[in-house]
Amino acid sequence: MWTCEQVVGASLNVKETIGLYRASTLAERRPVDDEERFTKMLAGANLIITVRAENRLIGIARSITDGAYATYLSDLAVDSEFQGQGVGRALIQATREAAPQARLILLAAPAAVDYYPHVGFTQHDSAWTIKGPATV
């Protein structure tokens with residue numbers, strides 16, 4: 001069985017969290033080889049929910065929120081060994097409960113485009129991005 005809890009990003013073990021990103025395939029699109037930058041990503045998010053199975057980190061939802069209007073769910077990562085067992089759904093639900101008035105917003109990874117409608121998201125056709133100079 002696994003447990004879901006809200007944590008402070010700066011308290012996470014960076015190497016363990018990078019390991020989860022690699023096990024979930026999210027590492028393909030995140031700067032996991034730049035530990036300093038990755039550490040800043042964790043510390044800068046003001047809403048992080050984790051899932052652990054017997055003290056092993058198996059899932060994370062890393063978000064930025066104002067708590068009232070918008071929550072940007074930047075990362076949703078579930079260890080591939082635990083995918084399909086409700087971990088992602090639990091992470092999304094806990095994120096929504098932490099900021100219940102806020103709209104939940106995300107940019108889907110290409111491999112996850114079909115997952116999000118299944119868990120209640122609707123596609124928005126006018127999202128825009130500007131890539132940073134050092135995007136992965």
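Tyr 115 is partly exposed, with a relative accessible area of 29%. This value, like the others below, comes from a predicted model.

**The aromatic cluster**

Tyr 115 pairs with Tyr 116: the ring centres lie 5.3 Å apart and the planes meet at 75°, so the pair is edge-to-face. Tyr 116 in turn forms an edge-to-face pair with Phe 121. Through these ring pairs, Tyr 115, Tyr 116 and Phe 121 are linked into a cluster. In total, the structure holds three aromatic pairs. The two pairs described here are set out below.

| Pair | Centre to centre | Angle between planes | Arrangement |
|---|---|---|---|
| Tyr 115 and Tyr 116 | 5.3 Å | 75° | edge-to-face |
| Tyr 116 and Phe 121 | 5.4 Å | 80° | edge-to-face |

The members of the cluster can also be described by their accessibility. Tyr 116 has a relative accessibility of 10%, which lies under the 20% limit, and therefore counts as buried. Phe 121, at 17%, counts as buried for that reason too. Tyr 115, at 29%, falls between the limits of 20% and 50% and is therefore partly exposed.

**The loop at Ala 108**

Ala 108 is situated in the loop that connects β5 (103-105) with α4 (115-118). With a relative accessible area of 37%, Ala 108 is partly exposed. When neighbours within four places in sequence are set aside, Ala 108 is in contact with Val 113 and Tyr 116. Tyr 116 thus takes part in a contact with the loop residue Ala 108 and in ring pairs with Tyr 115 and Phe 121. Between Ala 108 and Gln 123, which are 15 residues apart along the chain, the C-alpha separation is 9.8 Å.

**The chain as a whole**

The chain contains four helices and five strands. Read from the N terminus, the order of these elements is β-α-α-β-β-β-α-β-α. For 136 residues, a compact globule would be expected to have a radius of gyration near 14 Å, and the value of 14 Å for the chain agrees with this. Along the principal axes, the C-alpha atoms fill a box of roughly 40 × 35 × 30 Å.

Of the 136 residues, 43% count as buried. The accessible surface amounts to about 8400 Å², and carbon and sulfur atoms account for 51% of that area. Among contacts between residues at least 6 apart in sequence, 60% join residues at least 24 apart. The chain carries 13 positive and 15 negative charges, and the mean positions of the two sets are 4 Å apart.

Methods:
Residues numbered from 1 in each chain as written. Predicted model: local features only at pLDDT ≥ 70, side-chain atom pairs only at ≥ 80, totals over all residues. Heavy atoms only, no water. Helix = DSSP H or I, 4+ residues; strand = E, 2+ residues; numbered from the N terminus. Rg over C-alpha atoms; globule rule 2.2 N^0.38 Å. Buried < 20%, exposed > 50% of the residue type's maximum accessible area, 1.4 Å probe, protein only. Contact = heavy atoms within 4.5 Å. Areas by Shrake-Rupley, 256 points an atom, 1.4 Å probe, with all protein chains shown as cover. Lys, Arg positive; Asp, Glu negative; His and termini not counted. Charge placed at Lys NZ, Arg CZ, Asp CG, Glu CD. Phe/Tyr/Trp six-rings, centres within 6.5 Å; stacked < 30°, edge-to-face > 60°.
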